[in-house]
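Reader: I'd like a close look at one part of this model, and I'm happy to get into the details. Could you walk me through it?

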Amino acid sequence: MIHLKLRQAGEIVNYKRAERRYALEKLHIRRRRRKKIPASERQPLVRPGSANEVWSMDFVFDQVASGRTLKCLVVVDDATHEAVAIVPEHTIGGDHLTRILDGICSQRGKPSIIRSDNGKEFTGRAMLTWAHRHGIALLLIEPGKPNQNAYVESFNGRLRDECLNEHWFTSLLHARSLIEAWRREYNDERPKKSLCGLTPAQYAKTLAGKIITMPEDSKALRY
């Protein structure tokens, strides 16, 4: 990503040189140890062809300095890789969730499908009523199979490693400010190899124009 950002800024730098300096300066982020999962047959998720076709949602938890829980609603657009929203609150119930989604939809438009796990907020009466009223299909993954919601699970790992674990939030307002700044940087400034070196925001604009040509080794059409 750093090599792509250097190219984005107009710097002509060899990839191996950037990688060597990256290691010398110890810029890497400490990654969480991944739990080993027994090998099994995996079916890749097919990425939608347009924005707002499928959103993936999940909750990520942390704490503020006082010890109060920080509950972050994460919404990701499966087609464009954009972080549609990250909404930190102390608590988010069913009715609160629908009010948040109303605000997101008023700015971005409604999705055709929302994919989520079987959490009580996503399967409660408030959410079911809201989705029916807006004509949005709810796609629930099987219990115990987070790989079926792989897009948002992958994003959650980046959010955890690069933002939540890197900051000490003094208050809810402080958390909202830093998390939103990270979300904007992720969407608008971070180029991704799987998107031909484009940022998610640039890729979304290109995808809307239907003029994108993906290289053979691109992973943009699959997880």
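Reader: Let's take the second largest pocket: how many residues line it, and which of them lie nearest its centre?

Author: Sure, and keep in mind that this is a predicted model. The second largest pocket has a lining of 16 residues, and those nearest its centre are A83, V84, Q107, R108 and R183. Three elements each give two or more residues to that lining: β3 (83–89), α3 (94–108) and α7 (172–188). Of these, α3 supplies the largest share, with 5 residues. By type, the lining splits into 7 nonpolar, 4 polar and 5 charged residues. The space inside comes to about 360 Å³.

Now follow the chain around those elements, starting with the loop that leads into β3. Both H81 and E82 sit in the loop between β2 (69–77) and β3. H81 has a positive phi of about 70° although it isn't a glycine. For context, most residues other than glycine have a negative phi. H81 counts as buried because its relative accessibility is 9%, under the 20% cut-off. E82 also falls under 20%, at a relative accessible area of 12%, so it is buried too. The side chain of E82 has a partner as well: a polar contact of 2.7 Å joins it to the side chain of T80.

Over on α7, the aromatics are worth a look. The structure holds 4 aromatic pairs. One of them is F155 with W182, a tilted pair with 5.6 Å from centre to centre and 55° between the planes. This pair links distant parts of the chain, since F155 belongs to helix α6 (residues 150–162) and W182 to helix α7, 27 residues apart. F155 and W182 are both buried. Y186 joins in too, forming one aromatic cluster with F155 and W182.

Past α7 there's another backbone oddity. C196 lies in the loop between α7 and α8 (200–208), and its phi is positive, near 60°, in a residue other than glycine. C196 is partly exposed because its relative accessible area of 36% falls between the 20% and 50% cut-offs. H81, by contrast, is buried at 9%.

One last ring to check: K71 lies over the face of F59, 4.5 Å from the ring centre.

Notes. Residues numbered from 1 in each chain as written. Predicted model: local features only at pLDDT ≥ 70, side-chain atom pairs only at ≥ 80, totals over all residues. Heavy atoms only, no water. 1 Å grid on protein atoms, 1.4 Å probe; cavity = no way out; pocket = protein on both sides within 12 Å on 5 of 7 lines; lining within 4 Å. Points joined across faces, edges and corners; volume = space filled by probe spheres on them. Helix = DSSP H or I, 4+ residues; strand = E, 2+ residues; numbered from the N terminus. Nonpolar A, V, L, I, M, F, W, Y, C, P; charged D, E, K, R; others polar. Phe/Tyr/Trp six-rings, centres within 6.5 Å; stacked < 30°, edge-to-face > 60°. Buried < 20%, exposed > 50% of the residue type's maximum accessible area, 1.4 Å probe, protein only. Lys NZ or Arg CZ within 6 Å of the ring centre and 35° of its normal. Polar contact = N/O pair within 3.5 Å; in protein donor to acceptor, adjacent residues only side chain to side chain.
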